[in-house]
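I pulled this one up to see what I could get out of it before going back to the bench. Here are my notes, in the order I looked things up.

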Amino acid sequence: QGRRLPSESFPPMALPAAAAAAAPVPSDPESDCIMAYAKVGAVFSLEVLSDMFLFGSHNGMIRGIYLEDAYTACELANHKGAITGLVASGEQTLYSSSADGTVRTWDVAAKEEVTCRELSNEGVGCLQHVHDWAFAGTGDGYLHTWATAGQGEAHSLRVHAGSVTALEPYFPTATQLQCFTASNDGLAKHIDVTTGKLMAVYEGCGPLSCVVHDAQNSVLYVGGSKKHVLLYDVRAAACVAQLRGHTEAVVDMVRPPSGAWGEPPPPPEAGADGQPAAEPAAALPPDDVLYTASDDKSIILWNTKTMTADYSFRGHVHAVSCMKYTASNQLFTGSYDSSVRVWDVEGAFRNITVNALQAAERRERARKEAAREKREKKESKKGSKKKGDKKKSKKKKK
């Protein structure tokens, strides 16, 4: 459940009971993975540019790997703790957060550090950069925001009793800064950064590690240690559904940008015989999609309209630690198994379409079989009744 709090302080709340996991979802490990970059080292955070991906490790090293040939593109090594977040602004600027309590800005092409911002002795747990604003959550429960270009007031707000583990910036207007945060204190919150007001509190189930806001549908997705994803109606601050499919903690979530796949293709033209001249194109992913990564080594593709787990990407041999969905509609995942994988999202949707068609065929066969059995049973009863009537008429004649 949740609570709308226009101007009140942060109240203590009882947490709801944990939910059980659901059955496994379909997957095709043989063909789902387009590319696997192995033996890169345990991946703690991930960012993808047009020609390379960058990942952060436990020892403070940030490495860039070229997508085409897997050669090392750069090594950025000024952090003294695990890299907890990587966010790019364009192709040249990279922001990184670390357990050493700093956020650093890098010139990727020059392979040089540009700035260093010290935030907390308790470490920085998460980082985002949107519209020339940086947002960082720290281990002492603070949310820090500052402008990275032009003029803008910096803000530091104590928003949680525990570490801020995830955040999602939100701009209702061009001048209004808001943010959704998640914490290991078991709560997610809606903060108006501009005014410093707490807008709402959302109760989780145990420590939380990821949060995603769907502004178009006013839905907040929250994941954490209790295996499932909670869906909240942002306007009412009420929990409206749960997505169950993972068997271990949910550690990261990502949604494709709205309209990322464009308009669906037109239907194929009919041939001379009235049949389609070519096979219909594979169904494209809808906007109502959520990807979740888990300690159970899987990534689940959810249909948020039907609230179903439609597909599961499997291939990592250890926990999945982070994800990144690119502008070219590719899904990258990093894992503690020292690999970064690129997944065939279009192929997954083709498999979903095939599975749906096969399921529809099975239902149709079952319906026809049930109708046939019903018809035979009815005919059998009619035949038995006719035989009985004949016997009765013979007895009457005698």
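pLDDT is the predictor's confidence in each residue, on a scale from 0 to 100. I need that up front, as I'm working from a predicted model.

**Confidence.** I checked the average first: the chain comes out at a pLDDT of 83, and 78% of the residues score at least 70. Then I went looking for the weak spots. Residues 1–27 stay under 50 in pLDDT, though the model still gives them 76 contacts beyond four places in sequence. I also noted residues 275–282, where pLDDT is below 50 and the model has 12 contacts beyond near neighbours in sequence. Where pLDDT is low, the predicted coordinates should not be read in detail, so I'm leaving both stretches alone.

**Fold content.** I looked up the secondary structure and got one helix and 29 strands. Among contacts with a separation of 6 or more, 46% join residues 24 or more positions apart.

**Surface.** I have 398 residues in the chain, and 45% of them count as buried. The accessible surface is about 20200 Å², with 50% of that belonging to carbon and sulfur atoms.

**Cysteines.** How many disulfides turn up in a search of the whole structure? I got zero. A disulfide is a covalent bond between the sulfur atoms of two cysteines. I then looked up how covered two of the cysteines are. Cysteine 33 has 22% relative accessibility, so I have it down as partly exposed; the cut-off for buried is under 20%. Cysteine 116 is also partly exposed, with a relative accessible area of 36%.

Terms used
Residues numbered from 1 in each chain as written. Predicted model: local features only at pLDDT ≥ 70, side-chain atom pairs only at ≥ 80, totals over all residues. Heavy atoms only, no water. Helix = DSSP H or I, 4+ residues; strand = E, 2+ residues; numbered from the N terminus. Buried < 20%, exposed > 50% of the residue type's maximum accessible area, 1.4 Å probe, protein only. Contact = heavy atoms within 4.5 Å. Areas by Shrake-Rupley, 256 points an atom, 1.4 Å probe, with all protein chains shown as cover. Disulfide = S-S within 2.5 Å.
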